[in-house]
Amino acid sequence: MSAARLSNIDGLRAVAALSVFVQHFIGDASRAEGASAGALYPWFSFSEHSLDLGRFGVVLFFLISGFVVPFSIRGEAPLKRFAISRFFRLYPAFWVALACLAIIYWTAGTPVSMMTVLANITMAPQFWGQGWMSGIYWTLFIELVFYFMVAGLFATRLLGNPLAVVILAVALVSSTAGPVLVRLYLGIGLPVSYIGLHLSFLFSGLLLRLAIVERKKGAASCAAYLIAYQLLAVLAVSEFSLMRNDGFILIATLPIMTGYVLAVAVFIGAVRLNAPQSRVLAWIGRISYSIYLFHWIVNVTIYRFLPLTGGWRDLATMLVCLMATIGVSYLVFRFVEKPSIVLGRRVVSKLLEADTRPIVPEAA
């Protein structure tokens, strides 16, 4: 991809990260003590009931990952290189965020158990019977599973096959929608998980890459079919999610559906138009992972000094939170993310060097 296109993708990452930040701030402000009497509360409520910016941002992140990440599997020993680079890209900054969360909970008098911390370190706490230390981080597990799946597609030489990708993605959507519909209309209590539906949007990004950049035959049709099926599935499971209050549909169907539709439209439009081209957004996009990890940590710390009220003062608080989040995120990017990425490259180089070193026979 060209430097301009990379700038464009970083700009999209910035839009996604800032959208998640705004949604979480609005949610915190609307739930603050006495907020319902504040001047901004009607606006916060209207926003939450019209467009879920958090879901918009998450889906945009998923589409970007599907568009970019699978095509980093290349070079010598591609799967080994991919696994190591992804590990050093994701985990070190994540571990710093977990340490900060542990301190926040401890200072608030609600410390988390060591088992919870250790389970979260894996980025898959549910496998150890533990919850997330921050509910915001659930998307990281989805990304992790996607990496394993695209590695499998690469190993079987199906990563660039639109038909294989769409079949897999449709199966993922069906793994969520099928059990929900069976429970609703047949009364059979099948277990329900939204992981498959979430995962499928990363494969939409992959198919859009195959269609727009790689120009694979049939990829555009596969992408259009998958996206239509995904949106229908979201609509189909919304009633069930609201009845069960399981968090997939948070307040109402409309804001979630608007978030999905807008994310897909913005992503396709941005890729087609090679937009946005903004140095500021591109810079923010480069630190977007740290923004995602640390924005809530920064926000709740600032709330201790600038409590939310639902009034006009909250706008100043939001600006302070945003500037502080960007500052902290830059420091994490500069002193944790970048060194970790460099370390990952060194590890890859050492391993590849060891793999290609000739074996010297032992002396008799």
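Starting at the N terminus, the elements of the chain run α-α-α-α-α-α-α-α-α-α-α-α-α. That makes 13 helices and zero strands, in what is a predicted model. The radius of gyration is 22 Å, close to the 21 Å that the globule rule gives for 364 residues, so the chain is as compact as a globular protein of that length. If you turn the model along its principal axes, the C-alpha atoms fill a box of roughly 85 × 50 × 45 Å.

Let us look at how the chain packs against itself. Among contacts with a separation of 6 or more, 75% join residues 24 or more positions apart. Of the 364 residues, 48% count as buried. The largest nonpolar core has 109 residues, and the members that touch the most others are Tyr137, Phe203, Phe267 and Leu293. Phe267 is a good place to zoom in: beyond the residues up to four places away in sequence, Phe267 touches Leu12, Leu60, Leu63, Ile64, Phe67 and Leu208.

Now for the outside. The chain exposes about 17,400 Å², with carbon and sulfur atoms supplying 68% of that area. As for charge, there are 27 positive and 15 negative side chains, and the centres of these two sets lie 9 Å apart.

The loops have some details worth a visit. Between helix H6 (138-155) and helix H7 (162-186) you will find Arg157. Its phi is near 60°, a positive value in a residue other than glycine. Arg157 has a relative accessible area of 78%, above the 50% cut-off, so Arg157 counts as exposed. Asn245 offers a second case, in the loop between helix H9 (219-244) and H10. Asn245 is not a glycine either, yet has a positive phi of about 55°. With a relative accessible area of 62%, Asn245 is exposed.

Moving further along, the loop between helix H10 (253-273) and helix H11 (279-286) holds Pro276. The peptide bond that leads from Ala275 to Pro276 is cis, with omega near 0°.

The last stop is Trp312, in the loop between helix H12 (288-303) and helix H13 (313-356). Is this tryptophan, Trp312, buried or exposed? At 57% relative accessibility, Trp312 counts as exposed, because exposed means over 50%. Leaving aside neighbours within four places in sequence, Trp312 is in contact with Ala39 and Leu40. By contrast, Ser290 is 22 residues from Trp312 in sequence, and their C-alpha atoms are 28 Å apart in space.

Conventions:
Residues numbered from 1 in each chain as written. Predicted model: local features only at pLDDT ≥ 70, side-chain atom pairs only at ≥ 80, totals over all residues. Heavy atoms only, no water. Core = buried A, V, L, I, M, F, W, Y, C linked by side-chain atoms within 4.5 Å. Buried < 20%, exposed > 50% of the residue type's maximum accessible area, 1.4 Å probe, protein only. Contact = heavy atoms within 4.5 Å. Helix = DSSP H or I, 4+ residues; strand = E, 2+ residues; numbered from the N terminus. Rg over C-alpha atoms; globule rule 2.2 N^0.38 Å. Areas by Shrake-Rupley, 256 points an atom, 1.4 Å probe, with all protein chains shown as cover. Lys, Arg positive; Asp, Glu negative; His and termini not counted. Charge placed at Lys NZ, Arg CZ, Asp CG, Glu CD.
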